[in-house]
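Me: I would like a close look at a single part of this model. Please keep it brisk and connected.

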Amino acid sequence: MTEMLRLDAVTAGYAGIPAVRDIGLSVASGEIVAMLGPNGAGKTTTLRTAAGILTPMTGTVSAFGRPLRRRLEQNARAGLVLVPDTRGVFHSLTVRENLTLARRRNDNLDEVLDLFPALRELMGRRCGRLSGGEQQMLALAKALVHRPRVLLIDEMSMGLAPVAVQALLPSIRALADRFSVGVLLVEQHIDLALSIADRAVVLHHGRIVLTGPAAELRADRNAVAEAYFGASPTHDSSPA
Ligand SMILES: Nc1ncnc2c1ncn2[C@@H]1O[C@H](COP(=O)(O)OP(=O)(O)OP(=O)(O)O)[C@@H](O)[C@H]1O
Ligand SMILES: [Mg+2]
């Protein structure tokens, strides 16, 4: 597996005050890394730094084997895409119109729609009339049309019923498998996230306090719970 995204000893924050410290992690092609942790742990900050929206105070972020570019669009064009929440969807437009806006030459819309067959049935529907889960599918489809190589997904399931999340997450596994996309997945539904992820990291107070294969973490709920409630850091400084 090729390494797609790498954070080395990253400390980042706001107005000179660190919110995350000494973060090391990597995502390979076709791999899903779940990022877990309680509210305020630093998950979104880590994702923003990985996307190039925030510049690390110290440490480095690289994508596709080279340091992140300065401009967000350059990174996006290289294939590093932050999946926006449903605010990226235009409510007054239909599903078809939303997807048409996202299209480019040589896009893979047909393949993407194979991942979300439900969207095919909804092409003529205005997005304001879609359910939350359907809107989220559309947001994901819009991001995928651009053939990303790494997706950074921040709490896609916010506001969705667990049953809707359960329906959506397997599509993420499928796109990692089918398109070899690497995924850094921030998700509140711990067990669902671990069920599709390859590896996971748990953040607490801005630090990685637990890392491991998703299956192992899933089997050791106590370790995950302890990490959530603030065990002492167990990781060394090498990337997870
Ligand atoms: N724009 C900002 N300016 C200053 N501090 C911020 C800003 N955004 C987040 N923070 C602080 O940084 C820390 C980490 O926040 P972050 O949003 O990364 O956490 P999170 O793990 O994504 O939490 P949640 O699960 O609630 O989304 C928190 O203490 C938060 O208050
Ligand atoms: Mg967040």
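Which residue is the bridge partner of Ala34 in strand 9? Please start there and work outwards through the sheet, the helices and the ligand shell.

Reply: The bridge partner of Ala34 in strand 9 is Ala200. Keep in mind that this is a predicted model.

The Ala34 bridge belongs to the pairing of strand 3 with strand 9. Strand 3 covers residues 32-36 and strand 9 covers residues 199-204. They run in the parallel sense, joined over 4 bridges.

Now step back to the sheet around them. It is open and has 6 strands. Their order is 6-7-8-3-9-10. Read along that order, strand 3 sits between strand 8 and strand 9. Pairing across the sheet is mixed. At the edges stand strand 6 (80-83) and strand 10 (207-213). Each has a single partner strand, so one side of each is left without a neighbour in the sheet. From one strand to the next, the twist averages 15°.

Two helices that pack on this sheet come next. Helix 1 touches strand 3, strand 6, strand 7 (150-154), strand 8 (182-186) and strand 9. Its direction makes about 155° with that of strand 7. Helix 7, residues 162-179, touches strand 3, strand 7 and strand 8. Its direction makes about 155° with that of strand 8. Strand 3 is thus touched by helix 1 and by helix 7.

Follow helix 1 further. It also lies across strand 1 (3-14), strand 2 and strand 4. Against strand 1 it runs at about 120°. Those strands belong to another open sheet, one of 4 strands in the order 2-1-4-5. Its pairing is antiparallel. Strand 2 (17-28) and strand 5 (66-67) are the edge strands, and each pairs on one side only.

Inside that sheet, 5 bridges join strand 1 to strand 4, and the two run antiparallel. Leu7 stands opposite Val61 of strand 4 there. Strand 4, residues 58-63, also pairs with strand 5 in the antiparallel sense, over 2 bridges. Ser62 stands opposite Pro67 in strand 5. Strand 4 and strand 5 form a hairpin with 2 residues between them. Phe64, in the turn, has a positive phi of about 55°.

Helix 1 leads to the ligand as well. It spans residues 43-51 and gives the largest share of the shell around ligand 1, 3 residues. The residues around ligand 1 include Tyr14, Ala19, Pro38, Asn39, Glu155 and Gln188. By class, the shell has 4 nonpolar, 6 polar and 2 charged residues.

Three polar approaches to ligand 1 can be listed by atom type. A polar side-chain atom of Lys43 lies 2.7 Å from a ligand oxygen. For Thr44, a polar side-chain atom lies 2.8 Å from an oxygen of ligand 1. Gly42 uses its backbone: an N or O atom there lies 2.9 Å from a ligand oxygen. Taken alone, ligand 1 exposes 630 Å², and the protein buries 56% of that.

Key. Residues numbered from 1 in each chain as written. Chains lettered and ligands numbered in written order. Predicted model: local features only at pLDDT ≥ 70, side-chain atom pairs only at ≥ 80, totals over all residues. Heavy atoms only, no water. Near = heavy atom within 4 Å. Polar contact = N/O pair within 3.5 Å; in protein donor to acceptor, adjacent residues only side chain to side chain. Areas by Shrake-Rupley, 256 points an atom, 1.4 Å probe, with all protein chains shown as cover. Nonpolar A, V, L, I, M, F, W, Y, C, P; charged D, E, K, R; others polar. Pairing = 2+ DSSP bridges. Contact = heavy atoms within 4.5 Å. Axes fitted to C-alpha atoms, helices over the stretch in contact; angles between N-to-C directions.
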